[in-house]
Amino acid sequence: MLYTTLFLAVLLFVIIAKYFVKPSEKCPECSAIRVDDHPICSCGWVFEYPDDDEPIEYGDPDEAL
Ligand SMILES: [Zn+2]
């Protein structure tokens, strides 16, 4: 009984900790922390796709400076 309560207490603590300590989104490719909700990581990993599910054009040659 004691261990069950202890387990629940730990579980609750972990859930609360996860809720409050929201880690920054990390890139699964290079583990870089996502900065300012930027949709694309510097390594080219796309965090978000637009509504049409098309990958964001990255380094479009037509828009090269
Ligand atoms: Zn990355």
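**A single helix and few buried residues**

In this predicted model, buried residues account for 2% of the 65 residues in the protein. The secondary structure is just as quick to describe, with one helix and zero strands. Contacts tell a further part of the story: of those between residues at least 6 apart in sequence, 0% link residues at least 24 apart.

The helix, H1, takes in residues 2–20, 19 residues in total. From the first C-alpha to the last, H1 reaches 27 Å, close to the 27 Å expected at 1.5 Å a residue. Helix H1 is also hardly covered, since zero of its 19 residues count as buried.

Beyond the helix, one residue invites a closer look. Serine 31 lies in the segment after H1, and its phi is near 65°, a positive value in a residue other than glycine. For context, most residues other than glycine have a negative phi. Serine 31 counts as exposed because it has 9 C-beta neighbours inside 10 Å, and the cut-off for exposed is 12 or fewer.

Key. Residues are numbered from 1 along each chain as its sequence is written. This is a predicted model: local features need pLDDT of at least 70, side-chain atom pairs count only at pLDDT 80 or more; totals for chains, interfaces and linings use all residues. Helices (H or I, at least four residues) and strands (E, at least two) are DSSP runs, numbered from the N terminus. The expected span of a helix is 1.5 Å times one less than its number of residues. A residue is buried if 20 or more other C-beta atoms lie within 10 Å of its own, exposed if 12 or fewer, and partly exposed in between; C-beta atoms are placed from the backbone. Two residues are in contact if their C-beta atoms, placed from the backbone, lie within 7 Å.
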